Amino acid sequence: GRPHGHRVGGKQQLFTEFRHDKQLVSHNEHESTYNYKYTFSVELAPICKDDLVCLPAKVSRDNGSVGPVMLCIRVTAALLFMDPQTLRTYQ
């Protein structure tokens, strides 16, 4: 794996590791058709409330030029970040 962000469902996610595998389940020689089983595995970065998060420059630009340092202010099903310079929040 490689530690940086990936796009999932149109949103940038901070993963420490991202893996995907493709395994052949069956195939039909006569029709040249193949059936695959796809497996995805992610390891999320351990981010807690009140953590400072340093964003890579590309992630900062892709999210509307937010600051490179963000403060995590809420952890639920989604993470809520605040830019300490502008006090704007981002999900």
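A residue is called buried when its relative accessible area is under 20%, exposed when that area is over 50%, and partly exposed in between. I write this down before anything else, and I also note that the model I am looking at is predicted.

**Entry on three tyrosines**

I looked up Tyr-34 and found a relative accessibility of 48%, so I entered Tyr-34 as partly exposed. For Tyr-36 the value is 36%, and therefore Tyr-36 also goes down as partly exposed. Tyr-38, which lies in strand β3, has a relative accessible area of 53%, so I entered Tyr-38 as exposed.

**Entry on ring pairs**

I then asked how many aromatic pairs a search of the whole structure finds. The search of the whole structure gives two aromatic pairs. In one of them, the rings of Tyr-34 and Tyr-36 have their centres 6.5 Å apart and their planes at 25°, so I recorded this pair as stacked, because planes under 30 degrees apart count as stacked. For the rings of Tyr-36 and Tyr-38 I noted centres 6.3 Å apart and planes at 50°, so this pair is tilted. I keep both values for each entry, because a pair of aromatic rings is described by the distance of the centres and the angle of the planes. Taken together, the ring pairs link Tyr-34, Tyr-36 and Tyr-38 into a cluster.

I also checked the face of the Tyr-36 ring, and I found Lys-22 lying over it, at 4.4 Å from the ring centre.

**Entry on the surface patch**

Next I asked which residues make the nonpolar surface patch of about 580 Å². The patch is made by Leu-24, Tyr-34, Tyr-36, Tyr-38 and Phe-40, and I see that the three tyrosines of the ring cluster are listed among these residues. When I looked up where the patch residues come from, I found that strand β3, which covers residues 33-44, gives the largest share, namely four residues.

**Entry on Thr-39**

My last look was at Thr-39, which lies in strand β3. Its relative accessible area is 37%, so I entered Thr-39 as partly exposed. Leaving aside residues up to four places away in sequence, I found that Thr-39 touches Arg-19, His-20 and Asp-21. I compared Thr-39 with Lys-22 as well, and noted that the two are 17 residues apart in sequence and 6.5 Å apart in space, taken from C-alpha to C-alpha. Lys-22 is thus in my notes twice, here beside Thr-39 and above over the face of Tyr-36.

Key: Residues numbered from 1 in each chain as written. Predicted model: local features only at pLDDT ≥ 70, side-chain atom pairs only at ≥ 80, totals over all residues. Heavy atoms only, no water. Patch = residues over 30% accessible without salt bridge, like charges linked within 9 Å, V, L, I, M, F, W, Y side chains within 5 Å. Areas by Shrake-Rupley, 256 points an atom, 1.4 Å probe, with all protein chains shown as cover. Salt bridge = Lys/Arg side-chain N within 4 Å of Asp/Glu carboxyl O. Helix = DSSP H or I, 4+ residues; strand = E, 2+ residues; numbered from the N terminus. Buried < 20%, exposed > 50% of the residue type's maximum accessible area, 1.4 Å probe, protein only. Phe/Tyr/Trp six-rings, centres within 6.5 Å; stacked < 30°, edge-to-face > 60°. Lys NZ or Arg CZ within 6 Å of the ring centre and 35° of its normal. Contact = heavy atoms within 4.5 Å.
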